[in-house]
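Colleague: Let's go through this one together. I will ask what the terms rest on.

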Amino acid sequence: MRESPSTNESPSTNESPSTNESPSTNESPGANSRPGTTASARIKVLNGAFDPLSFDEVIEACINLIRAGDRGYLCTVNVAILMMMKDDPELQAFIDGARLIVADGEPIVWLSRALKTPLPERVTGVDLIEGLVERAADEDMSVYFLGAAPGVAAQVAERFQRAHPRLRIAGTSDGYFSEDQAPERVAQVRESGASMLFVAMGVPRQERFMKIHWTDLGAPFAMPVGGSFDVLAGLKQRAPRFVQRVGMEWMYRLAQEPQRLWKRYLVTNTQFIADAAPELLRQLRKP
Ligand code: UDP
């Protein structure tokens, strides 16, 4: 299941966004390496390819990328996103083109283990934001929060500013704007000089936005983070750790927004099981 980085993650082979610059393109020599990582082969789990890195290693890789004057984005993939990728080639290509891809779902980690190509651990988007912001404060790297309803990104920024007084907030902005307004928002991010950009506009809207505007956004490091700002601002509850550990966080989210999410989870969870079953059987039959 291990794949060589040159097979499915070579930045140069990825579909380019609207400009000539691939989102994962390293603008310095050595474009195929992933600074701060061991450049290890990605692990394939169904239609996703994941970097076999622990939480701490991911944080280190992101910081090293920025320090090296490089550019790239990180994607966190849970079961729902993994299944959405299958039906959305643009989303699949964008995620495959990320500098770092991590599994934000216990079932993906379990499946990787059952298939004998284990991922070290689940790495969640919310935890990564917290870890990266903490490091940004230590490293004097500024952060930009873009997305969610008006005022939410500012609440997240205030929360982090209180926790880390030295943190430099480059800017905040909500995620409700038209295509016509996008260039202005993008310019605000670029002109802020942010080192880290977190984009919380839901999948696949945020990925599409990042793909189209990647060059103009300018930030060396960016990460699409779904509904994380709502959680960090305290508007939505995160599942308790034990619920997360048993792979049931989706149920917790479902209970909070049943009308919007039931179909998504029914479809994607069923699809995941249907896709995983033949892989598991093949593994079991191996001598
Ligand atoms: N959102 C946004 N712009 C939009 C639609 C949604 O900024 O045009 C925000 C929304 O307020 C929420 C976040 O996107 O904070 C994520 O929404 P959702 O829960 O759908 O994301 P998912 O976790 O499903 O990717």
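Colleague: What makes up the shell around the ligand, by class?
Modeller: In this predicted model, the shell has seven nonpolar, five polar and two charged residues.

Colleague: Which of the 14 residues around the ligand come nearest?
Modeller: Ala-148, Gly-175, Gly-202, Gly-226 and Gly-227. Gly counts as polar and Ala as nonpolar here.

Colleague: Now the helices. Why are H8 and H9 called oblique to each other?
Modeller: Take the axes of H8, residues 182-192, and H9, residues 205-217. They cross at roughly 45°. Roughly parallel needs an angle under 35 degrees, and roughly perpendicular runs from 65 to 115. The crossing angle fits neither, so H8 and H9 are oblique.

Colleague: How close do the axes of H8 and H9 come?
Modeller: Within 9 Å. H8 passes H9 in a right-handed crossing.

Colleague: Which residues make that contact?
Modeller: H8 gives Ala-182, Val-186, Val-189 and Arg-190. H9 gives Phe-209, His-213, Asp-216 and Leu-217.

Colleague: How many residues of each class are in the contact of H8 with H9?
Modeller: Five nonpolar, one polar and two charged. Arg and Asp count as charged, and His falls among the polar residues.

Colleague: And the whole chain: how many helices and strands are there?
Modeller: The protein chain has 13 helices and nine strands.

Colleague: What share of the 287 residues is buried, and what makes a residue count as buried?
Modeller: Buried residues make up 45%. Each has 20 or more other C-beta atoms within 10 Å of its own.

Technical notes
Residues numbered from 1 in each chain as written. Predicted model: local features only at pLDDT ≥ 70, side-chain atom pairs only at ≥ 80, totals over all residues. Axes fitted to C-alpha atoms, helices over the stretch in contact; angles between N-to-C directions. Helix = DSSP H or I, 4+ residues; strand = E, 2+ residues; numbered from the N terminus. Parallel < 35°, antiparallel > 145°, perpendicular 65-115°, else oblique. Left-handed = near helix turned anticlockwise from the far one by under 90°. Contact = placed C-beta atoms within 7 Å. Buried ≥ 20, exposed ≤ 12 C-beta atoms within 10 Å, placed from the backbone. Near = placed C-beta within 6 Å.
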